[in-house]
Amino acid sequence: MKKLLTSLMVLAMALTVITFTPNAVQAKRFNQHLTANLKSITVKWSNVKGANKYIVYRAKVKRYEDTPKKSKFKKIKTVYKKKYTDRKVKKNKYYAYYVKAVKNGKVIKTTFNKDYMDYKCKGFERAQLLNAGYGENYTNSCKKLYLYTDVGYNGYSPKKIKYVFYRKVKGTKGKFKKMYLKKTKDGVYYDNTVKAGKTYQYKCKAYIKKGKKKYYSKMSKMVEIPAVNFHATYKIESLTKSGIYDKKELEAIFKITKGDKYDGTTVFLNKVSDDIDDGYYCYEKKDAPETDQHRYSFQLTQYSTDGNTWSNIPNKGVELSSTKPLYLKAKIAITKDSKETSITFAGSDTKYYCSIIKSYGYLLKYYGPGIGEGFANFDLIKGTGSSYQEWD
């Protein structure tokens with residue numbers, strides 16, 4: 001019985017030691033918040049009970065940088081409040097901070113977080129300028145171009161920021177000229193003083209006026225937008241006759257002409273797509289069931305300017321002239337998952353209901369006033385086509 005009691009007492013003592021080991025209790029971090037101003041960066045933090053002073057550390061960082069090691073931070077100030085304003089920072093440079101709470105010479109808590117870094121820069125961040133001219137509400141054209149602006153949230157970010165724009169016509173000599181653009185109710189700026197067919201280059205600065213002085217951001221990067229039709233239009237004709245070809249690959253020839261002089265630049269590519277939604281497809285009757293539809297992979301292979309002398313399409317593609325037609329050879333092939341053994345090609349034959357070449361970025365690039373991928377659709381029955389660029 002004595003041995004049993006002795007064993008229980010030893011076990012209880014062991015558990016007591018384990019439960020109350022000081023290292024098992026970890027002090028939680030306390031929070032801090034950074035605010036960027038025109039001439040300084042302010043660090044604020046929550047109160048730490050028992051702390052009689054705070055030590056502020058700072059590190060110079062790059063934008064989007066991962067949290068630097070503690071060794072990169074340097075002590076800059078000891079304070080006795082829950083706030084410190086750092087005026088010894090440079091404009092357009094980013095700084096990270098952390099704070100130690102000290103009680104009787106011992107650090108009791110810290111705001112350092114190895115998984116997250118809060119950083120700011122004095123004044124505005126570099127102004128951001130983006131092409132905003134695509135989508136349902138704001139579509140660029142040969143008459144009007146749209147621009148989106150921002151300055152980011154890691155610098156000074158008041159509610160009412162103004163912008164001054166600088167514009168230049170691509171290919172002309174001279175400097176960018178200052179201009180002020182109007183904006184929509186949604187805050188999107190627009191330029192309705194453009195001339196059709198010209199390409200415009202834009203930059204901007206953000207600024208705010210305090211008293212008689214204006215404070216400006218760093219100049220944005222350049223944005224280039226052509227004042228052309230958002231949709232390019234084409235005339236297309238199949239020079240290969242319609243029919244059922246008893247083969248797995250068919251070489252077809254097309255004649256393509258630019259539809260409008262204010263269309264953007266179209267470049268045809270030699271990439272191949274065998275996705276079910278890309279390539280060439282045709283069927284005989286309206287609303288034909290999927291079993292009666294013929295879908296094939298499609299790849300442009302060669303081009304000609306006269307229909308007689310042919311050259312391989314280079315990797316960079318071949319540009320469609322604004323005045324002359326372009327002849328294109330294409331390889332139409334049965335896809336791997338298809339059960340068809342012959343190719344049905346409708347060409348421009350009106351006895352078929354559908355004869356279409358469709359592309360999601362594979363067939364061509366359209367350098368228009370939008371932004372993103374190039375989309376194209378060629379209707380061989382109607383003899384027309386169109387393309388545009390937009391984020392999917």
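What follows walks through the cores, aromatic pairs, cavities and a few single residues of this structure.

The model is a predicted one, with local features taken at pLDDT of at least 70, side-chain atom pairs counted only at pLDDT 80 or more, and totals for chains, interfaces and linings using all residues. Residues are numbered from 1 along each chain as its sequence is written, and side-chain values use heavy atoms, with hydrogens and water left out.

Start with the nonpolar cores, meaning sets of buried Ala, Val, Leu, Ile, Met, Phe, Trp, Tyr and Cys residues joined through side-chain atoms within 4.5 Å. Buried here is under 20% relative accessible area, exposed is over 50%, and partly exposed is in between (1.4 Å probe, protein chains only). The largest core holds 33 residues, and Phe268, Tyr280 and Phe378 have the most contacts inside it. Strands that each bring at least two residues to this core include strand 18 (232-238), strand 20 (249-258), strand 24 (294-304), strand 27 (326-334) and strand 31 (373-379); strands are DSSP runs (E, at least two residues), numbered from the N terminus. Strand 27 is the top contributor, with five residues. Apart from this core lies another one, of 24 residues, with Phe124, Ala127, Ala206 and Ile208 among them.

Phe378 shows what the packing looks like from one side chain. With contact taken as heavy atoms within 4.5 Å, and neighbours within four places in sequence left aside, Phe378 is in contact with Tyr234, Ile236, Ile256, Phe268, Ser355, Ile356, Ile357, Leu363, Leu364, Thr384 and Gly385.

Phe378 turns up again around the cavities. A cavity is a set of points, on a 1 Å grid over the protein atoms alone, where a 1.4 Å probe fits but cannot get out, and its lining residues have an atom within 4 Å of a point. Grid points are joined across faces, edges and corners, and a volume is the space filled by probe spheres set on the points. On that basis the structure has two cavities of 30 Å³ or more, and the largest comes to about 60 Å³. Its lining is made up of Ile236, Phe254, Ile256, Phe268, Phe298, Leu300, Leu328, Ile357, Leu363 and Phe378. Strand 20 and strand 24 each supply at least two of these lining residues.

Next, the rings. Rings of Phe, Tyr and Trp (its six-membered ring) pair if their centres lie within 6.5 Å; planes under 30 degrees apart are stacked, over 60 edge-to-face, and the rest tilted. The count by this rule is 23 aromatic pairs. One of them, Tyr138 with Tyr146, is tilted, at 5.2 Å centre to centre and 55° between the planes; Tyr138 and Tyr146 are both buried. Phe375 and Tyr388, in turn, make a stacked pair, with 5.4 Å between centres and 20° between planes. Phe375 sits in strand 31 and Tyr388 in strand 32 (residues 384-390), so this pair ties together parts 13 residues apart in sequence. Phe375 is buried, with a relative accessible area of 8%, whereas Tyr388 is partly exposed at 26%. Elsewhere, Tyr57, Phe73, Tyr98 and Phe112 make up one aromatic cluster.

Two lysines also cap rings, by the rule that NZ of Lys or CZ of Arg is within 6 Å of the ring centre and within 35 degrees of the ring normal. Lys203 lies over the face of Phe176, 4.7 Å from the ring centre. Lys329 has its charged end over the ring of Trp310, at 4.6 Å from the centre.

Two buried tyrosines are worth a look. Tyr200 belongs to strand 15 (residues 199-210) and has a relative accessible area of 2%. Residues up to four places away in sequence not counted, Tyr200 touches Leu145, Arg167, Lys168, Val169, Val194, Lys195, Val223, Glu224, Ile225 and Ala227. Tyr189, in strand 14 (residues 189-191), is buried at 7%. Its contacts, beyond neighbours within four places, include Leu145, Tyr146, Tyr163 and Phe165.

Finally, the backbone. Most residues other than glycine have a negative phi. Tyr64 has a positive phi, near 65°, and is found in the loop between strand 3 (53-61) and strand 4 (74-79). Asn104 has a positive phi too, near 55°, in the loop between strand 6 (94-103) and strand 7 (106-110). Tyr64 is exposed, with a relative accessible area of 63%, and Asn104 is exposed at 67%.

Key
Helix = DSSP H or I, 4+ residues; strand = E, 2+ residues; numbered from the N terminus. 1 Å grid on protein atoms, 1.4 Å probe; cavity = no way out; pocket = protein on both sides within 12 Å on 5 of 7 lines; lining within 4 Å.
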